[in-house]
Amino acid sequence: MNEQFNKPKGFGDILDFTFRLAKNRFVDFFFILLFLIGPIYLIQAIILLIGGTSFFREDIFEGFWYEQVLLELESTGYVDASMISLGVGYLILLLLGAILLPVAQAAIILAVNHIRKNEEFTVGFVIKAAFVRFFPLLGSSILFGLILFGLAIIPFFITTFLTGFGVVINPVVGVLLGIVLFLGCAVGYIYLMARWSFYFASVTLKEGSPGFGRSWRLTSKRTWVIIGLYIIFMLIMMSVSYAVEFSVALLLGGSVLQSMIVNIVTLLTTMIFSVGYAVMYFDLKLRYDADDLKEMIEEYK
């Protein structure tokens, strides 16, 4: 067992260890993402070039492909075949991304697990192992998505109904009630999402499928710490991505090169988040397994 994984970590320790691990094993983690997601970005660049976007600098941003389709439909009454082909190409890329990104994240989790156990591995080996878990991950992810959708849509209708009813009785009270209900539902939604979010690592490592029960147990005493870490990682990803995208756009506009640079930065931020997610999971696993061991010792005393 790697000693760095062998002790519980605090909030700052997890952040520090995530960045050190990402730095020390950068080549392995980055090549996992580059191998799986890189071809999607390459195809995207080719589609942009075929569509007439300049490689080095594009001063005019004409909007996303679906915006261009709507504009053309409004002005001419029909859509050119090239625009339809462009749209189909982007939809295929979205589908490939939805398939390959979870595989890449699972491969990073498996790689971190090998590092934790001081085991040697190759990028190809963990990618193959991740593909083996594709269908269990797909099923669990679809179920997770349906749960989150239900958790969002039901409170939305309840909040809307109660707020509307309150506004009819007293506008001020109704608005205040709506704000309170919205904030309460938002906090509850985030809380439940965090409690179930480690299903993905559980399914990847064959420790339970669909993994929601195990995730719930692991996060029982660390939920707010996990939520805080998620927020920090999201803020880091958004800050870096927006800063680079804005800076590069000033120099290159909406060119193909600008898109490629932004995509590379996206790979880097995705890598950091995936490594952080794995570190959080193994920290929770260490704490939970240690608690279980203590309980067993107490029972036999």
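This passage describes a long helix, aromatic contacts and the nonpolar core of a predicted model.

In this predicted model, local features need pLDDT of at least 70 and side-chain atom pairs count only at pLDDT 80 or more, whereas totals for chains, interfaces and linings use all residues. Residues are numbered from 1 along each chain as its sequence is written, and side-chain values use heavy atoms, with hydrogens and water left out.

Helices are DSSP runs of H or I with at least four residues, numbered from the N terminus. Helix H6 covers residues 134-169, which is 36 residues. The expected span of a helix is 1.5 Å times one less than its number of residues. For H6 this gives 52 Å, and the end C-alpha atoms are 52 Å apart, so the two values agree. Buried residues (under 20% relative accessible area; exposed is over 50%, partly exposed in between; 1.4 Å probe, protein chains only) of H6 include Phe134, Leu137, Phe144 and Leu148. Polar names also appear in that buried set, among them Ser140, Thr159 and Thr163.

Aromatic rings were then searched. Rings of Phe, Tyr and Trp (its six-membered ring) pair if their centres lie within 6.5 Å; planes under 30 degrees apart count as stacked, over 60 as edge-to-face and the rest as tilted. The whole structure holds 15 such pairs. One of them joins Phe144 and Tyr199, tilted, at 4.7 Å centre to centre and 35° between the planes. Phe144 lies in helix H6 and Tyr199 in helix H8 (residues 199-204), so this pair links parts of the chain 55 residues apart. Both residues are buried. The rings of Tyr199 and Phe200 have centres 6.2 Å apart and planes at 85°, so this pair is edge-to-face. Relative accessibility is 7% for Tyr199 and 9% for Phe200. Phe198, Tyr230, Phe233, Phe273, Tyr277, Tyr281 and Phe282 form one aromatic cluster.

Charges also sit over rings (NZ of Lys or CZ of Arg within 6 Å of the ring centre and within 35 degrees of the ring normal). Arg195 lies over the face of Trp216, at 3.8 Å from the ring centre. Lys9 lies over the face of Phe17, at 5.0 Å.

The largest nonpolar core (buried Ala, Val, Leu, Ile, Met, Phe, Trp, Tyr and Cys residues joined through side-chain atoms within 4.5 Å) has 66 residues. Leu21, Phe29 and Ile32 touch the most other members. Beyond four places in sequence, Leu21 is in contact (heavy atoms within 4.5 Å) with Phe5, Phe29, Val112, Ile115, Val275 and Val279. Ser259 belongs to helix H11 (residues 256-300) and is buried at 13% relative accessibility.

Conventions:
Helices (H or I, at least four residues) and strands (E, at least two) are DSSP runs, numbered from the N terminus.
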